[in-house]
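Hi everyone, thanks for making room for me on the agenda. I'd like to walk you through one model today, beginning with a strand pairing and then stepping back to the whole chain.

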Amino acid sequence: MLIAQNIHHAFNTQEGPIHVLRGVDLTLSTGESMALTGESGSGKSTLLHILAGLQEPTSGSVSILGTEVTSLSERAKSNLRKTHIGLIFQQFNLVPSLNVSQNISFQSRLNGQFDVEWQEYLLNQLDLSAQKDVFPETLSGGQQQRVAIGRALAAKPSLLLADEPTGNLDEENSEKVLGLMLSLIKDSGSSLLMVTHSRRLASKLGRHEHLRKGVFVKAPVK
Ligand SMILES: Nc1ncnc2c1ncn2[C@@H]1O[C@H](COP(=O)(O)OP(=O)(O)OP(=O)(O)O)[C@@H](O)[C@H]1O
Ligand SMILES: [Mg+2]
């Protein structure tokens, strides 16, 4: 499903380059789930953006479903994302001019995978049925986060990349959201990579990697 090899990434800043990733190797098979932890600023979001083809790595290769992402044109990358990747951004990135239902169905409509029953199920499971006609600006942080999750799940992506999807949710909602994601993985044979600060949630996924000083290390036991 996903193979990333020897990913290096440096951001050029006025103070010089910041080397964030220094040789990350990652393989995720069909149906597999993995938690990614690491201190704030360790490069978790950067890695997710690279895997989704939103950020070009300084060096290294990413292959999704056998396609080498780094060699694709911007248009082809965007098509790959639309068809196969569900990305839950840390900052949600909802479309302000679309209501909750429209935000959730946006990607699935674009790629012809809109399924009204699945949409209703997601609205229900994410406890957003009452808010389906309202616009993102009037929602709480946790509600916006649940819309972002619904949008990523709506198209039943092969690869789900979730950047702290439960960061704004209480324990009960976090469990529910994780359950939703895991059942999608199981039912649709998708793969999940989830960034989380919660060891409890991390322990419920198949694998756990910890990012430190730009590479994966064994998750520290506390
Ligand atoms: N566009 C950018 N330009 C310059 N530096 C950046 C840029 N984006 C991220 N960085 C830097 O790269 C490092 C990693 O950032 P990243 O957002 O990937 O961390 P993170 O592990 O997701 O942190 P958090 O847990 O706080 O979300 C940080 O030092 C950050 O300041
Ligand atoms: Mg981040």
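**Around strand E9**

Let's start with a single pair: Met 34 sits opposite Arg 207 in E9. Keep in mind that this is a predicted model. That pair belongs to a parallel pairing, with strand E3, residues 33-38, and strand E9, residues 207-212, joined over five bridges.

So which strand does E9 run antiparallel to? That's E10, residues 215-217, and three bridges hold the two together. If you want to find this pairing on screen, look for His 210, whose bridge partner in E10 is Val 217. E9 and E10 make a hairpin, with two residues between them. Have a look at Lys 213 in that turn, too: its phi is positive, about 50 degrees.

Okay, zooming out. The protein chain has seven helices and ten strands. Its radius of gyration is 17 Å, close to the 17 Å the globule rule gives for 222 residues, so the chain is as compact as a globular protein of that length. The C-alpha trace spans about 45 × 45 × 40 Å along its principal axes.

How much of the chain is buried? Buried residues account for 50% of the 222. As for contacts, if you take those between residues at least 6 apart in sequence, 69% join residues at least 24 apart.

Last, the surface. The chain exposes about 10,600 Å², with carbon and sulfur atoms supplying 48% of that. On charges, there are 21 positive and 21 negative, and their mean positions lie 4 Å apart.

Note on methods
Residues are numbered from 1 along each chain as its sequence is written. Chains are lettered from A and ligands numbered from 1 in the order in which they are written. This is a predicted model: local features need pLDDT of at least 70, side-chain atom pairs count only at pLDDT 80 or more; totals for chains, interfaces and linings use all residues. Side-chain values use heavy atoms; hydrogens and water are left out. Helices (H or I, at least four residues) and strands (E, at least two) are DSSP runs, numbered from the N terminus. The radius of gyration is taken over C-alpha atoms; the globule rule is 2.2 Å times the number of residues to the power 0.38. Buried means under 20% relative accessible area, exposed over 50%, partly exposed in between (1.4 Å probe, protein chains only). Contact means heavy atoms within 4.5 Å. Accessible areas come from the Shrake-Rupley method with a 1.4 Å probe; for residues, only the protein chains shown count as cover. Lys and Arg count as positive and Asp and Glu as negative; His and the chain ends are not counted. The place of a charge is taken as NZ of Lys, CZ of Arg, CG of Asp or CD of Glu. Two strands pair if DSSP finds at least two bridges between them.
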